[in-house]
Amino acid sequence: VAWMVHEGVNSNRQSFIKEELEKVAPTLFKAPNLGVMDFNHSAVHPFSDDPKDVGVWYKAEYAYDAKAEKWGILATGMLWSWLFPDHADILLADQARKGKISFSMGCIASTVEFTDEFEILHNPIFFTVSALDVPPADRSAHGMGSEDVEDDEDTLRQRLLSAALAKPWKAAALVPKTHPIQGGSMPDNSEIIEQLTEARLTAE
C-alpha cells in the first residue's frame, strides 16, 4: 500500500492539481487495465537492467495524507516476490531500516501548463508506480509491504497511516544534524574511519 502522488509541486518541479487527482483516482488500476509495478522506473528506462514489470497495482483511492498534509492517491498492489526475490529483499530491507518503502509514479499529462518555477501536469494518465531504492521526487510517496499472508490490505494501510503519524520519517540518526541530506560537502569522518580500521586490524 503506497502513496503514489500528492497534490502540489514535487522535487522534479512538476505539479498536480487536487481536483484532477480526485477525478482520476477511481478510474485507476481496474482489471483488466492493471497498473505496472516496476523498479526505479525500469519500465520506461531503455537501458535499465531491472525487469520491466515486477508486480501489479489493482486498486487506487483518493485520500488525505495526514503526514504530508496533502490530498493524494493511495495505491494497492502486489510484487511477485517468488519471481523477483532480490527486489523483494531490497524493499523489505529498506522498510526494516527506515520504516518505509519509497515509490514514484509514471504518467503522461494530457496537457502541460508552464510557469516560471514549475510545470503543471493536467489530467495525468498514470501507467506505472515504481518501487524505489533511491529517494522519491514526491518526498511523501511512501508505502508499506509484507510477505506475511496474514497482513491484508487493511492491515498494511493502517500500518502505513499510523507509522507516518507516530513519528516523522527522517534520515538515519548517524547522519550529523548539521549536514544537509542533499548537496554540500561530506562531513569529515577521517577520525572515525581510522578508529574502525585499527579495530579491524586488531581483530584480525
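The legends below describe close-up views of a predicted model.

**View 1. The largest nonpolar core has 27 residues.**
Within this core, Met4, Ile73 and Phe126 touch the most other members. Several elements give two or more residues to the core: strand 1 (2–6), helix 1 (18–24), strand 5, strand 6 (70–79), strand 7 (101–108) and strand 10. Strand 7 gives the most, with four residues. Another core, of seven residues, lies apart from this one, and its members include Trp3, Ala63, Leu156 and Leu160. As a general point, nonpolar side chains in soluble globular proteins tend to be buried together.

**View 2. Ile73 and its contacts are shown.**
Neighbours within four places in sequence are left aside here. Ile73 is then in contact with Ala2, Trp3, Met4 and Val5. Further contacts of Ile73 are Leu21, Val24, Ala25 and Leu28. Ala60, Glu61 and Phe126 complete the list for Ile73. Of these, Met4 and Phe126 are named with Ile73 as the residues that touch the most other members of the largest core.

**View 3. A salt bridge joins Glu61 and Arg157.**
The closest N and O atoms of the pair are 3.2 Å apart. Glu61 lies in strand 5 (residues 55–65) and Arg157 in helix 3 (residues 153–166), so the pair links distant parts of the chain, 96 residues apart. Glu61 counts as partly exposed because its relative accessibility is 21%. Arg157 also counts as partly exposed, at 24% relative accessibility. A search of the whole structure finds five salt bridges, counting every such pair. In general, side chains of opposite charge can pair when their charged atoms come close.

**View 4. Asp94, Arg97 and Lys98 are linked in a network of salt bridges.**
The side chains of Arg97 and Asp94 meet with an N to O distance of 2.7 Å. For Lys98 and Asp94 the N to O distance is 4.0 Å. Arg97 and Asp94 both lie in helix 2 (residues 85–98), three residues apart, about one turn of the helix. Lys98 and Asp94 are four residues apart in helix 2, again about one turn. Which of the terms buried, partly exposed or exposed fits Asp94? Asp94 counts as buried, because its relative accessibility is 9%. Arg97 is exposed, with a relative accessible area of 60%, and Lys98 counts as partly exposed, at 45%.

**View 5. Strand 9 pairs with strand 3 and with strand 8.**
Strand 3 (residues 14–16) and strand 9 (residues 119–122) pair in the parallel sense over two bridges. Strand 8 (residues 111–114) runs antiparallel to strand 9, and four bridges join them. Strand 8 and strand 9 form a hairpin, with four residues between them. Glu119 of strand 9 stands opposite Gln14 and also opposite Phe114.

**View 6. A nonpolar patch lies on the surface.**
Which residues make this patch? Val44, Ile108, Ile125 and Phe127 make it, and its area is about 350 Å². Ile125 lies in strand 10 (residues 125–132). Strand 10 is also one of the elements that give two or more residues to the largest core. In a regular strand, side chains alternate between the two faces of the sheet.

How values were computed
Residues numbered from 1 in each chain as written. Predicted model: local features only at pLDDT ≥ 70, side-chain atom pairs only at ≥ 80, totals over all residues. Heavy atoms only, no water. Patch = residues over 30% accessible without salt bridge, like charges linked within 9 Å, V, L, I, M, F, W, Y side chains within 5 Å. Areas by Shrake-Rupley, 256 points an atom, 1.4 Å probe, with all protein chains shown as cover. Buried < 20%, exposed > 50% of the residue type's maximum accessible area, 1.4 Å probe, protein only. Core = buried A, V, L, I, M, F, W, Y, C linked by side-chain atoms within 4.5 Å. Contact = heavy atoms within 4.5 Å. Pairing = 2+ DSSP bridges.
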